Amino acid sequence: MTIDHLFQQTLEANLALPRHGLITFTWGNVSSIDRGSGLVVIKPSGMPYESLQACHMVVLDLDGKIISGTCRPSSDTATHLALYRCFPEIGSITHTHSRWATVWAQAGRELPVLGTTHADYFNGPVPLTRRLREEETSSDYEQKTGEAIVELFQQNKLNPMAVPAVLVASHGPFTWGRDAAEAVLHAVVLEECAMMAFHACQLNPQLPPIEDHLLDRHYRRKHGASAYYGQKP
Ligand SMILES: [Zn+2]
């Protein structure tokens with residue numbers, strides 16, 4: 001894929017966020033990485049979506065050095081870079097403050113698997129990071145946010161490709177995928193699952209998660225060697 005193609009994909013993914021109702025004002029961003037060159041394309045900071053164009057996108061290397069672009073990159077850039085460095089299979093990251101996912105993050109609760117919609121995309125609960133310590137918010141805050149996500153996945157032996165989403169405590173969701181379209185898809189699905197789970201818990205406060213066999217069945221219908229959902233590529 002050329003860097004121009006990556007620009008276009010990342011721009012379109014950013015523009016898809018408000019279309020899917022995941023964005024208020026400028027809250028959110030999508031980035032993508034070209035693994036061959038190690039270059040990351042990301043939305044500029046604070047840019048209204050309605051005026052966003054490919055020429056505004058910023059290109060950085062994995063150390064955060066700006067390679068091209070005249071705009072300042074998203075303020076969350078260091079979180080994205082930390083995830084790219086530690087999750088080598090991901091190709092794109094989406095961050096939003098979408099309402100229902102953020103409700104769970106603010107409530108300090110991971111998102112349990114309560115139905116097959118969730119199981120179709122996430123092979124387990126969407127985990128919640130620990131709260132950051134004061135020294136982590138006062139210095140390199142965005143990088144420390146990324147490190148807290150990586151720590152959560154490593155300590156719990158979670159595969160970021162099997163659970164391509166996280167809730168950052170008191171903050172909101174990050175999702176990712178092999179490309180920008182998939183990262184946005186996971187943001188949309190997460191939001192829908194968070195809304196449904198909130199209401200399911202309201203109707204039945206004692207609701208247990210779905211059984212492992214049902215989670216497994218639904219996840220494997222769509223993922224892995226035995227997947228049979230949809231059409232053959
Ligand atoms: Zn945020």
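Just past helix 3 in this predicted model comes Gly108, a residue with a positive phi near 75°. Helix 3 itself covers residues 99-107, and its buried members are Trp100, Ala101, Thr102, Trp104 and Ala105. What lies over them? The cover for these buried residues includes strand 6 (165-168), strand 7 and helix 7.

Let's follow helix 7 for a moment, starting from Ala194. Leaving aside residues up to four places away in sequence, Ala194 touches Trp100, Ala101, Val103, Trp104 and Leu111. Ala194 also belongs to the largest nonpolar core, a set of 54 residues, where it is listed with Val40, Leu167, Ala183 and Val184 as having the most contacts inside that core. Helix 7, residues 180-203, supplies the largest share of this core, with nine residues. As a general backdrop, nonpolar side chains in soluble globular proteins tend to be buried together.

Now turn to the strands, and begin with strand 5, residues 92-96. Here five of the five residues are buried, so the strand is largely enclosed by the rest of the structure. If you look along strand 5, you will find Ser92, Thr94 and Thr96 pointing one way, while Ile93 and His95 point the other way; all of them are buried.

Which strands pair with strand 5? Strand 1 runs antiparallel to strand 5 and is joined to it by five bridges, with Ser32 standing opposite Ser92. Strand 7, residues 172-177, is also antiparallel to strand 5, and four bridges join the two. In that pairing, His95 stands opposite Phe174. Strand 7 is a name you have met already, as part of what covers the buried residues of helix 3.

From strand 1 you can walk on in another direction. Strand 1 (residues 28-34) and strand 2 (residues 39-42) run antiparallel, joined by four bridges. Ser32 is a handy landmark here: its bridge partner in strand 2 is Val41, and it stands opposite Ser92 in strand 5. The hairpin made by strand 1 and strand 2 has four residues between the strands, and in this hairpin Gly38 takes a positive phi near 75°.

One further step leads from strand 2 to strand 3, residues 58-60. These two strands run antiparallel, with three bridges between them. Val41 is again a useful guide, with Val59 as its bridge partner in strand 3.

Terms used
Residues numbered from 1 in each chain as written. Predicted model: local features only at pLDDT ≥ 70, side-chain atom pairs only at ≥ 80, totals over all residues. Core = buried A, V, L, I, M, F, W, Y, C linked by C-beta atoms within 7 Å. Buried ≥ 20, exposed ≤ 12 C-beta atoms within 10 Å, placed from the backbone. Contact = placed C-beta atoms within 7 Å. Pairing = 2+ DSSP bridges.
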